[in-house]
Every structure is written in C-alpha cells, then in structure tokens.
Amino acid sequence: MSETTNPLGLSSIPSVSSEGLVPVGRRTSLSSYLAALWNRRHFIIAESRAKMSGSTRKNLLGYGWLFLNPLLSVLAFWFIFGFILQTSRGVPNFLGFLVVGVFFFGYTGKCMTGGTGAIRSGASMIKGFQFPRAALPISTVVRNFLDFMPTLLVMVIVLAIVPPLEVITWRVFLVIPVIILQTIFNVGLACFLARLGHKIPDLTNFMSIVSRFWLYGSGVFFSIEDRLGNHPALLEAMQYNPMHAYLTLVRDSLLYGVDSDPKMWIVGTVWAFGLLIVGFLFFWRGEENYGRL
C-alpha cells in the first residue's frame, strides 16, 4: 500500500493494496489519533491563515475590517443599550464594560458558528485526503484566534484612551489565562458542534439564533447581578454560564483592578477542560462517518 503527501502534511487516499481496499477515515485509537493530529499542526495553522487572508482579500479595506467590525458593533450596541435603553445605569465604565463583552463574546460566537459547519465546509478536503478530521474544527478556532488578536489590541487602545480611565494593576496579566481558558473552551465547543452539524445540516442556521440568546444571557450589554437581583434562583443559575464567567474575569482584571470571586475561576476552568474532553471524545467517536457527505 502506498500513499502520497502534500506540502501541508496531508496524506492522499491510500491506493489499493494486494490485500484489498483500505478504509478511509477509519477511527484509530485515541493515542494514535492525537499523535496524528499533532503531526498535522502545521497544516492547521497554514489552513487557518489561508482562510483568514482569503476572507479579507475580497474587501477594499482588507484586514482593516478586523478592527472596524468590532468598533462599529460596540458603537451600535452603545447607542441601543447605553443611550436608548439606559442599561448603563449602575455599571461603572459602561463603555469599557461593553467593549470587553462584545469583543470576547464575538470570539466564542464565531468559533461556535464556524465549528458547526466545519465538516461540511471541508467536504472536498475530507474526500481527497486522509487526516484527523478534528483538524477542521480546531483550525476554525485557530483562525478566529488569529482574528481575535488584532481586535484585542484595538480593545486595549480604546480602553486606554477613552475616559473614564481605569487604574491599571498587576491583575491585567490575568487576562492571559482567561484567554487561554476561553480558547480551550472554544476548541471543545467547536469539536462538539462539528459532529452535530455533520449529522444535522440545518443546525448551522439554528446556531445563529442560539448565539443571540447566549449573547443576551451572558451579561454583554448589562450587569446580570443588577438586573436579576430580585430573582436569586435565576441569578444563581446564570453564574454558571461559562461566557459570563470569562467576561467577569476579564472585566475585574482589566477594567476594575479587583480580585474576582474564586467561583468564577472554578466555573471557567471546569467548563474549559470539561467541554474539551467531552467535545473532543464525542467528535473522535464519529470519525468514521465524516466522509459520508
């Protein structure tokens, strides 16, 4: 049996051997699967960069939209929620509060919708090459992470020049582990939804609705503690929302310079590693079916 590889490290479909046809996409052991996935890390990064540049090349402003999109979103949400609906009442530095919410939730929201359609959008690659299919949802997260980095720079600049200016403390460095936890969470979420999206084609459209509900329920535009103070049971349930935990940790560290409730760190960590394990194993168990599109 022989096979060829391309520059990205993907193996083409094996040829027929004297023993017969070799199944394509057969699920290997978990350790072998992880090793193969690690060996394709250069492909994941290259494929993510290619999609990132391809999505901006068609626009006149190119990469400029990576900066303009989140800024325009913040402006629109500030006008609707801060100016018209007055959800800014009781929220210190509402603009910074909103900037953090929009930017960080947008990162996970894009990974969620992109991961759901990862297998179907990569159908031609699946049929042409033999590689761990988990590379597709993971590359979606890597691509959105690369998109998120320049927007993170914009966020820092906005928070640094737009009043009210907050006193920067050593806690600003805690934003780094929050980003790591959120990225781990995004990988698990993308893998989990990628298998569901493969089995249910209409799920891609439905996820945009789910994303909106999650957006409003994560405290992006208002303080959940203030709005749900009269509903302790509902408030307690909302505390276990992973995105609420990540947004709270970033806001406390970057905006207000205070220590976060340890419960938020526990919630964020458990969700990140728990969903990574569950989502990845769930995806891996469906490996043999991803070529049947």
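This report walks through the helix packing of one predicted chain and then looks at a few of its residues.

## The chain overall

Let's start with the big picture. The predicted model has 13 helices and two strands in its chain. The chain runs to 293 residues, and 46% of them count as buried. About 14900 Å² is exposed, with carbon and sulfur atoms supplying 68% of that area.

What about contacts along the sequence? Taking the contacts with a separation of 6 or more, 79% come from residues 24 or more positions apart.

## Helix 8 against helix 12

Two packed helices are described by the angle between their axes and the distance between the axes. For helix 8 (residues 175-199) and helix 12 (residues 242-256), those numbers are an angle of about 165 degrees and an axis separation of 9 Å. Since angles over 145 degrees count as roughly antiparallel, helix 8 and helix 12 are roughly antiparallel to each other. The crossing of this pair is left-handed.

Who actually touches whom? Helix 8 brings Val175, Val178, Leu181, Gln182 and Phe185, while helix 12 answers with Pro242, Met243, Tyr246, Leu249, Val250, Ser253 and Leu254. Sorted by class, the residues of this contact are ten nonpolar, two polar and no charged.

## Helix 8 against helix 13

Helix 8 also packs on helix 13 (residues 262-284), here at an angle of about 30 degrees and with the axes 7 Å apart. That angle makes helix 8 roughly parallel to helix 13, because the cut-off for roughly parallel is under 35 degrees. This crossing is left-handed. The residues of the contact between helix 8 and helix 13 split into 20 nonpolar, four polar and one charged.

## Helix 4 against helix 7

Now to another pair. Helix 4 (residues 94-116) and helix 7 (residues 135-161) have axes that come within 10 Å and cross at roughly 170 degrees. That makes helix 4 roughly antiparallel to helix 7.

On the helix 4 side, the contact includes Val99, Val100, Phe103, Phe104 and Tyr107, as well as Lys110 and Cys111. Among the helix 7 residues that meet helix 4 are Val141, Asn144, Phe145, Phe148, Leu152 and Met155. The class count for the contact of helix 4 with helix 7 is 14 nonpolar, six polar and one charged.

## Arg251, an arginine under cover

Is Arg251 buried or exposed? Arg251, found in helix 12, has a relative accessibility of 5% and therefore counts as buried, the cut-off being under 20%.

Which residues does Arg251 contact, once its neighbours within four places in sequence are left aside? The list is Phe97, Val100, Gly101, Gly219, Val220 and Tyr256. Val100 also turns up among the helix 4 residues that meet helix 7.

## Two partly exposed residues

Phe206 lies in helix 9 (residues 203-216). With 46% relative accessibility, Phe206 counts as partly exposed. Along the sequence Phe206 and Thr113 are 93 residues apart, yet their C-alpha atoms are 9.4 Å apart in space.

Leu234 has its place in helix 11 (residues 232-238). Its relative accessible area is 42%, so Leu234 is partly exposed as well. The C-alpha atoms of Leu234 and Ile224, which are ten residues apart along the chain, are separated by 9.9 Å.

Key. Residues are numbered from 1 along each chain as its sequence is written. This is a predicted model: local features need pLDDT of at least 70, side-chain atom pairs count only at pLDDT 80 or more; totals for chains, interfaces and linings use all residues. Side-chain values use heavy atoms; hydrogens and water are left out. Buried means under 20% relative accessible area, exposed over 50%, partly exposed in between (1.4 Å probe, protein chains only). Axes are lines fitted to C-alpha atoms, for helices over the stretch in contact, and angles run from 0 to 180 degrees between N-to-C directions. Angles under 35 degrees count as roughly parallel, over 145 as roughly antiparallel, 65 to 115 as roughly perpendicular and the rest as oblique. A crossing is left-handed if the near helix is turned anticlockwise from the far one by less than a right angle, and right-handed if clockwise. Contact means heavy atoms within 4.5 Å. Ala, Val, Leu, Ile, Met, Phe, Trp, Tyr, Cys and Pro count as nonpolar, Asp, Glu, Lys and Arg as charged, and the others, Gly among them, as polar. Accessible areas come from the Shrake-Rupley method with a 1.4 Å probe; for residues, only the protein chains shown count as cover.
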